[in-house]
Amino acid sequence: MANYRELLQQVKTEIDEVDASRTRELLDSPAPPLLVDVREQDEWSEGHLPGAIHVPRGFLESRIEGAAPDRSQPVVLYCQSGNRSAFAAKTLEEMGYENVASLSGGFTDWKRNGFPTELPRVLDAEKRSRYSRHLLIPEVGEEGQLRLLDSRVLLIGAGGLGSPASLYLAAAGVGRLGIVDDDRVDASNLQRQIAHSTDRLGDWKADSAKQTLEALNPDVEVVTYKERLSSENVDRILADGWDVIVDGADNFPTRYLVNDASVFHGIPVVHGSIYRFEGQVTVFKPHEGPCYRCLFPQPPPPELAPSCAEGGVLGVLPGIIGSLQANETLKLALGIGDTLTGRLLLFDALAAEFSEVTLRRDPACPVCGESPTITEYIDYVEFCQGRPQPV
Ligand SMILES: [Zn+2]
C-alpha cells in the first residue's frame, strides 16, 4: 500500500506538469486553455489567477463536465502548491480529458514569479443576506449570484406572463430587466397581471412594473420601452445588450419578430403562451435547438390568421407558465440544468397534468437553416384580425 508521498510521486510521473512561466505563455496564446482553480472557497477568496474558474477539488468530477463539456479542450489545473491539482489532473485523465496539465508549484509559485492575480468579487453583507437561500445551493452560490446580478433579461410584455416572470427574476437578483410594453393598466388586467395594482389603473404597464420590481429589489435596474416591438425598433432595443429574451406577448406577429431577431442576434428566447386552461413553455436557443420558424415557417394567410385579440384565461395560469419561464431564464443565466431547448412543455390546468413534445430543428428553416431565405424583419401586424394584444 502506498503512502501519500509515494502516491503523489507516482501520480506526478503519470500526468503533465507546466511551470508558471509556461502557463502564462499558454494563457496569453490565441487559444488559451481552460484554467481551473481546484482549491477551497477560502483560498479562492484570497486571490486567484486571472481568467480562472473555480471548481473545488471535492466537486471536480461532478462539475467539470458543465465547465468543459468538450474533452479535447486543453485544461490547466492549479491549487496552492501543485499537489492537489496533480491528483485532479489524474482524475480528469481518467474521465477522458485528453489534454490536461497541472501547474507545478501552484498559486504560490505563480505569485513568487510576480505574475498577476485577481481578487474575486464578493457579495456585500446586505446581498449575502438577501440571496442567502441561493448561496446555500452549490449550483448557484456566490459566483452564480454575481452572475445573476450581471445578467440582463429583456421581457416582451408586462402582462400576464411578464408579471410573474419579472417578479421572480427581480427577486432572484437579475441585475438588469428590460420591459417592452406600450399598453396601459386596465381593470381587466388585474385578475392575473400581478405586477400591477388598482391604484395604477391608466398608468403605463412598463412604469407600473418598474415601480413594483424596484420596490421588491433595489439591486435591479429596470429599463422601460413604452413602444410596441416592431421591425423599426427591434434592433435598437436589442442593441442595449440582453442575454435572454422572455417572450410573454403571445401574439404571432410579435412571436415571429422576436424569433427572427433572436436568431439574427444569437439571443435565446424563453417562450410562453396561455389560453383558457392550457399553457405552453419552451426555449428557442438559436442554432442549438429549433426556432419558431423551424416549426411554423410562415404565418397563416391573413384570412385564416387567428385573432390577436385577448382570449379568456384562468387567472393563475399565467402565474404558473410565467414562473416556468423565469425558471428557464435563471438556468440559462446560470448555465445550469437542462433547459426546455427542443422540448415543448404543456400544462393542462383542469387536469393538473404536464406533458412534453419533442421539437426538432429543420435544416430547411427559412431563418436558422442551412440556407436562410429570411434575412430581414417582416411585420405581420396587418395579418391580425384586430389589434394585437399582449395577454
Ligand atoms: Zn429555425
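Is cysteine 291 buried or exposed? Buried, at 3% relative accessibility. Keep that residue in mind. I'll come back to it at the metal site.

First, the overall picture. This is a predicted model. The protein chain has 391 residues, and 50% of them count as buried. It carries 15 helices and 13 strands. The C-alpha trace spans about 80 × 50 × 40 Å along its principal axes. Now contacts. Take those between residues at least 6 apart in sequence: 69% join residues at least 24 apart.

Let's do the sheets. Start with the five-stranded one. It is open, the order is β1-β5-β4-β2-β3, and the pairing is parallel. β1, residues 16-18, and β3, residues 53-54, stand at the edges. Each has a single partner strand, so one side of each is left without a neighbour in the sheet. Look inside that order at β4 and β5. β4 is residues 75-78, β5 is residues 100-103, and 3 bridges join them in parallel. Leucine 77 stands opposite serine 102 in β5. Helix α5, residues 84-94, packs on this sheet. α5 touches β1, β4 and β5. Its direction makes about 175 degrees with that of β5.

Next, the sheet of 8 strands. This one is also open, but the pairing is mixed. Read the order as β8-β7-β6-β9-β10-β11-β12-β13. The edge strands are β8, at 221-225, and β13, at 353-358, each pairing on one side only. On average, neighbouring strands here are turned by 15 degrees against each other, direction ignored.

Go to β6 and β9. β6 covers residues 152-156 and β9 covers residues 244-247. They run parallel, with 4 bridges between them. Leucine 154 faces isoleucine 245 of β9 across that pairing. Helix α10, residues 162-171, packs on the sheet here, touching β6, β7 and β9. The direction of α10 makes about 165 degrees with that of β6.

Now the β13 end. β12, residues 343-348, is joined to β13 by 6 bridges, and the two run antiparallel. The bridge partner of leucine 344 in β13 is valine 357. β12 and β13 form a hairpin with 4 residues between them. Check the turn: alanine 352 has a positive phi of about 55 degrees.

Two helices next. Helix α9, residues 141-150, is largely enclosed by the rest of the structure, because 7 of its 10 residues are buried. Which are the buried residues of α9? Gly141, Glu142, Gly144, Gln145, Leu146, Leu148 and Leu149. They pack against α3, α7, α8 and α15. In residue numbers, that means 41-45, 125-130, 132-135 and 317-334.

The other is α11, residues 205-216, where aspartate 207 sits. At 28% relative accessibility, aspartate 207 counts as partly exposed. What does aspartate 207 touch, not counting residues up to four places away in sequence? Thr224 and Lys226. From aspartate 207 to valine 222 is 15 residues in sequence, and 9.3 Å in space, C-alpha to C-alpha.

Now the metal site. Which are the protein donors of the zinc ion? Four SG atoms: Cys291, Cys294, Cys365 and Cys368. They lie 2.2 to 2.3 Å from the ion. Along the chain, the donor spacing is C-x2-C-x70-C-x2-C. One pair links distant parts of the chain. Cysteine 291 is in the loop between β11, at 278-284, and α14, at 292-295. Cysteine 365 is in the segment after β13, 74 residues apart from cysteine 291.

And the geometry? The 4 donor atoms subtend angles of 95 to 122 degrees around the zinc ion. The arrangement counts as tetrahedral because four donors need all angles between 85 and 135 degrees. For reference, the ideal angle for four tetrahedral donors is 109.5 degrees.

Back to burial, as promised. Cysteine 291 counts as buried at 3% relative accessibility. Cysteine 294 is buried too, with a relative accessible area of 9%. Cysteine 365 is at 0% relative accessibility, so it counts as buried. As for disulfides, a search of the whole structure finds 0.

Terms used. Residues numbered from 1 in each chain as written. Predicted model: local features only at pLDDT ≥ 70, side-chain atom pairs only at ≥ 80, totals over all residues. Heavy atoms only, no water. Disulfide = S-S within 2.5 Å. Buried < 20%, exposed > 50% of the residue type's maximum accessible area, 1.4 Å probe, protein only. Pairing = 2+ DSSP bridges. Axes fitted to C-alpha atoms, helices over the stretch in contact; angles between N-to-C directions. Contact = heavy atoms within 4.5 Å. Donors = N, O, S within 2.8 Å, 3.2 Å for Na, K, Ca; no water. Tetrahedral: all angles 85-135°; square planar, octahedral: opposite > 155°, others 65-115°.
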